[in-house]
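Student: I've got a new protein to look through and could use some company. Can we go over it together, one question at a time?

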Amino acid sequence: MRYSQLFIPTLKQSPADAEVASHQLMVRAGMIRQLASGIYSILPLGLRVLRKVEQIIREEMNAIGGQEVFLPSIQPAELWQESGRWGFYGKELLRIRDRHDREFCYGPTHEEVITDIVRRDVKSYKQLPLLMYQIQTKFRDEVRPRFGVMRGREFMMKDAYSFHADEASTQKTYEDMKRAYSNIFTRCGLDFKMVEADSGTIGGNFSHEFMVLADSGEDAIGFCDACDYASNLEKAALAPPAATTEPASDGAPVETATPGKKTVEDVAGFLNLTPRDIVKTLVFEHEDGLVAGLVRGDRQLNALKLKNHLGCNWLVPADEKTIAEKTGKPVGFLGPVELELDIYMDHEVAVMGHCVTGANKPDAHLTGVHPSRDIKTTATLDLREVIEGDPCPRCANGRYQIKRGIEVGHIFILGTKYSAALKAHFLDTNGKEQPCVMGCYGIGVGRTAAAAIEQNHDGNGIVWPMPIAPFQATVIPVNVQVDEVRQAAEKIYQSLQASGVEALLDDRNDRLGVKLKDAELTGIPCQIILGPKNLEAGTLEFKIRKTGESKEIPFPDGLASLPDLIKSC
């Protein structure tokens, strides 16, 4: 491709609303342009990158038996009403009406559509397992779209769905998907972690996220420094601590005046204790009422762990008015002793020999509380948030490290959530009707490209990993008006094209500085620079974008070595 024929509208300045590097650089490098909030046009250079990512995905999906389909983006409301998600999904679901006043939505995902296909045409276990995927546009009406294509409202996604006769078959495909996804992100040149995750609004009972490590990541992930355990921090597990050697306090808890002392820090200071000596009582509301969670004063309670244990649809911190009305207890002095709520205790609290809790009276706390003796709990479980240095729950010697990550892929075992609701049944070996067991597997195509930039950029621009770079090399003649330079550049370009290298010839009649700045900005991995002085010396300059390393290559004798040099970058 010749630069003069390619639409690459580069910019010197970043857009004012661009918060992260990938958004700034994709706009500046002429890859995207915003049409509306969270909706972007993908320009030629950007599309070349997305097509590279898509091709890697297709190859890996096909390798594990995936069959590509293309499903409608506009979906009838009836399907979503059957699955129960029409009312549950929320305002992110873009609802529309056609000219006949029939309700539809612009699909944010395609579980309902693919399940409808299977229920119509799959009747026997002999037709299973079945794995189908598509690469298609989705729309989710995000309340606050941001970060360019990282969190847009309209986006390109690979979504795959599998249907099985039993759990064993589902698990096999799930393991195949884990390997395929690892291959995809490895081939894209990304540093990533596969982490245990929550299933969110998709549903299901088992899931993993694939997270590209980057300081700008929206999510925190915890992973072991000694084994391969990794998890989204909101789900990161902790093993129960060893039983305490601290003796239990003698006698009943003692009510102690703590006038105006409501926070853990205030109570600890007033009683000359540390926060770890205090138990926090946190009250949450869900669809069936109020529950209380207990963690040590120096810890944070992980509400997702509690929600998953309860199996409720939603769980939020209860407000002061609700707590006061439903418990009759003063907020700030609430405690678990004789509290008439279901109480869930973190493992660390359970092994405390004595502690301080609220006394359920204004301006008072209880000292000498022995949790296993004085607190009536519904269950003891892992409730707290992980911090760096915590012990790994899987191995004996490992400790948690915590880094930021960008979610680029998510895989789920759905079970029969959708097949049962939509009656996607088959006849098993005994002729008995059964619901299909399902899996769901997604990759954000644009997010993958943006995450690659977040992980690979510097002060001059993008540093593309070779497998997804829009071009592998750019040929930069110093002055195309000099016949010898123009002819040599053309010869190099034609030679690279013939050898299978994706090359860009910068044939613009611009200053060398402009060309070099654009080459750095767009992040093409290899630069081949030539001018009258090079040609007089019988050399070319070969520069690697990632390292800045530069070397002289004989010309024309070294021309045949260029493809191997480029492919080794």
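Student: In which helix do Arg 58 and Glu 54 both lie?
Tutor: Keep in mind that this is a predicted model. Arg 58 and Glu 54 sit 4 residues apart, about one turn of the helix. Their side chains meet in a salt bridge, with 3.4 Å from N to O. The helix that holds both is H2.

Student: Is Glu 54 buried or exposed?
Tutor: Let's take its partner Arg 58 for contrast: that one has a relative accessible area of 22% and is partly exposed. The cut-off for buried is under 20%. Glu 54 comes in at 4% relative accessibility, so it counts as buried.

Student: How many residues does H2 give to the largest nonpolar core?
Tutor: That core has 58 residues. Several elements supply at least two residues each, among them helix H1 (21-28), helix H5 (167-187) and strand S21 (400-415). H2 gives the most to this core, and its share is 7 residues.

Student: Which residues touch the most other members of that core?
Tutor: As a bit of background, nonpolar side chains tend to be buried together in soluble globular proteins. Here, five members of the 58-residue core touch the most others. They are Met 31, Tyr 181, Ile 184, Phe 185 and Trp 464.

Student: Trp 464 sounds handy to zoom in on. Which prolines does Trp 464 touch?
Tutor: Leave out residues up to four places away in sequence. The remaining contacts of Trp 464 include Met 31, Val 49, Ala 449 and Ile 453. Also on that list are two prolines, Pro 470 and Pro 525.

Student: How many residues are in the second, separate core?
Tutor: You can find it by looking for Ala 77, Tyr 89, Val 122 and Phe 426, which are included in it. This second core is separate, and its size is 25 residues.

Student: On to the sheets! Which strands stand at the edges of the open sheet of 5 strands?
Tutor: The order in this sheet is S16-S14-S15-S17-S20, with mixed pairing. A strand at the edge has a single partner strand, so one side of it is left without a neighbour in the sheet. That describes strand S16 (315-317) and strand S20 (379-381).

Student: Which residue in S16 stands opposite Glu 285?
Tutor: Strands of a sheet pair through backbone hydrogen bonds, either parallel or antiparallel. Strand S14 (residues 279-286) and S16 pair in the antiparallel sense, over 3 bridges. Opposite Glu 285, in S16, you'll find Val 316.

Student: Which helix packs on that sheet?
Tutor: The helix touches S14, strand S15 (289-296), S16, strand S17 (342-346) and S20. Its direction makes about 140° with that of S16. It covers residues 303-310 and is helix H7.

Student: There's also an open sheet of 3 strands. What is its order?
Tutor: Strand S13 (254-257) and strand S18 (355-358) stand at the edges, each with a single partner strand. S13 is joined by 4 bridges to strand S19 (residues 364-369), and the two run antiparallel. The order is therefore S13-S19-S18.

Student: Which residue in S19 is the bridge partner of Glu 255?
Tutor: The pairing in this sheet is antiparallel. Look in S19 for the bridge partner of Glu 255, and you land on Leu 366.

Student: How far apart in sequence are the parts that Glu 218 and Arg 146 tie together?
Tutor: These two form a salt bridge, the closest N and O atoms being 3.1 Å apart. Glu 218 lies in the loop between S10 and strand S11 (219-224), while Arg 146 is in the loop between S7 and strand S8 (154-164). So the pair ties together parts that are separated in sequence by 72 residues.

Student: And which helix holds both Arg 486 and Asp 483?
Tutor: The closest N and O atoms of their salt bridge are 2.6 Å apart. Arg 486 is partly exposed at 38% relative accessibility, and Asp 483 is partly exposed at 40%. They're 3 residues apart, about one turn of the helix, in H13.

Student: Last one: how many salt bridges does the structure hold?
Tutor: Side chains of opposite charge can pair when their charged atoms come close. Some of the bridges share partners, joining Arg 296, Asp 298, Arg 299, Glu 348, Arg 384 and Asp 390 into one network. For the structure, the number of salt bridges is 42.

Key: Residues are numbered from 1 along each chain as its sequence is written. This is a predicted model: local features need pLDDT of at least 70, side-chain atom pairs count only at pLDDT 80 or more; totals for chains, interfaces and linings use all residues. Side-chain values use heavy atoms; hydrogens and water are left out. A nonpolar core is a set of buried Ala, Val, Leu, Ile, Met, Phe, Trp, Tyr and Cys residues joined through side-chain atoms within 4.5 Å. Buried means under 20% relative accessible area, exposed over 50%, partly exposed in between (1.4 Å probe, protein chains only). Contact means heavy atoms within 4.5 Å. Two strands pair if DSSP finds at least two bridges between them. Axes are lines fitted to C-alpha atoms, for helices over the stretch in contact, and angles run from 0 to 180 degrees between N-to-C directions. A salt bridge is a side-chain nitrogen of Lys or Arg within 4 Å of a carboxyl oxygen of Asp or Glu.
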